[in-house]
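Please examine the following model with attention to its nonpolar packing, one loop residue and one of its pockets.

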Amino acid sequence: MSYKLKYVAFAVLGLVLILGDGAFSQDTDVNNYAGIVIDANNVLRVQTYVEPSLQTLRARQMESARSLPKELREYTPARAVSLTRLEREIAKNNGLVPEEVRYMAGLQKIDSVLVYPETGDVVLVGPAEGWYKDVSGRVVGLTTGRPVLRLDDLVAAMRVFAPSGEASVIGCSIDPTQEGLAAMQQFLRQVGTTARPGDTMRIVNGLRNALGLQEVRVDGVSSRTHFAQVLVEADYRMKLMGIGLEAIPVKGMKSFVASASPAAVSRNALFRWYFVPNYTCVRVSPDGLAMGLEGQGVKLVGADELVTTEGERKATAGADRASKVFTQGFTTHYEKIAASIPVYAELRNLIDMAVVAAWLQQTDVYGKLDWKMVYFGDERRFPIETERAPSRVASAVNAIWKGHTLMTPIGGGVEIHAARALRQENLVSAADEKLAEAKKSATLPKKVWWWQ
């Protein structure tokens, strides 16, 4: 017996990744970690890392803890790091970057930024603790497991919003080629509108082969940075969750394919999902020398498109219900997802850093402090382009039978418009002057670049 065939695609604009050819799940067990690797041909693929045992994990944590000063090792809700002093520390060491500098004294989040023109300091304040590298190489807190901030990521954001530069958009797109989309449409015409259960893998493989490899483009930051790799991994794995190829680590949250109704989705529909900054407000002190971020920082939004027979993409009005359920669910449960899949905590940190960098530029902190970013602004002195750049990724196709209809969703959608978070409607002058008071009451010790 033949059944209806329904094809649903997910386009990629903004930070877009379409990957993998098999389902996998994020195992929340401490011995298993998921991530990405980029091969010698610059093709990105998923990778699962397995910790041999709980004992080896504990040994790694203990070894890392022993190498850290006691003051850095312990968790604190508020550690301060002076960026300007940090840069001078690197200069003093002739460009050498020890671990405590590279990982910014274990900061895990930016709660506020305090500027002191009288001393030339730009101070970041947030929770912090000691760190270790998990088996996948991700640097996380000793007790919380939360990823720490990396100086190279912050410097990447600061170079995007350089002192004399223009406001920029940070993002990445992994786009199917027009030729690939046209070949996919041709394949679907050959298949027709009916299929049998025995045809499932033939259709999946045919769609994957027709689309071919997709092209990765990174905007704003260099594709050879850790910053870019986090963007790509976060977007890619979100898409896999949407099309049912990675398990969602939140009970009751539905993927797109779990909610989608074959009757409600056009045969040639594409969906774009992308992350944007999401703050309740950006608090700014009355004197403009302190700012704080409120809200969870990240929101997943969507837009719909159609693919023509020539492989061109055209925007459509309205939003698909299942797509909306997925994007709203991802936003609502972002904290839980980030707790289980650390790359989403990293993504939130990147967005925080991008917004902070945009604020430093917009308020001319560099001019007020006469800060030249001698090391941070120079790739030769402070290299951050040290990673392999992803340039292509294989198409991921899933197959789900719903009643008598086969749906074949194809993965695809992140953009960080940091400057949008600083629009006037988001800026709130701290009427209670809490930021100003915190800045005024803070004591800046001498001869150190971090304190608590």
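The report below treats these topics in turn.

## Basis of the description

This is a predicted model, in which local features need pLDDT of at least 70 and side-chain atom pairs count only at pLDDT 80 or more, while totals for chains, interfaces and linings use all residues. Residues are numbered from 1 along each chain as its sequence is written, and side-chain values use heavy atoms, with hydrogens and water left out.

## Nonpolar cores

The largest nonpolar core (buried Ala, Val, Leu, Ile, Met, Phe, Trp, Tyr and Cys residues joined through side-chain atoms within 4.5 Å) has 102 residues, and Phe330 and Tyr344 have the most contacts inside it. Helix α12 (residues 343-362) supplies the largest share of this core, 14 residues; helices here are DSSP runs of H or I of at least four residues, and strands are runs of E of at least two, numbered from the N terminus. A second, separate core of twelve residues includes Leu188, Ile203, Val204 and Ala210.

Leaving aside residues up to four places away in sequence, Tyr344 is in contact (heavy atoms within 4.5 Å) with residues including Phe275, Phe330, Tyr334 and Ile337.

## Ser255

Ser255 lies in the loop between α8 (226-242) and α9 (256-259). Ser255 is buried, because its relative accessible area is 11%, and buried means under 20% (1.4 Å probe, protein chains only). Beyond residues up to four places away in sequence, Ser255 touches Met241, Gly242, Ile248 and Phe326.

Definitions and conventions: Buried < 20%, exposed > 50% of the residue type's maximum accessible area, 1.4 Å probe, protein only.
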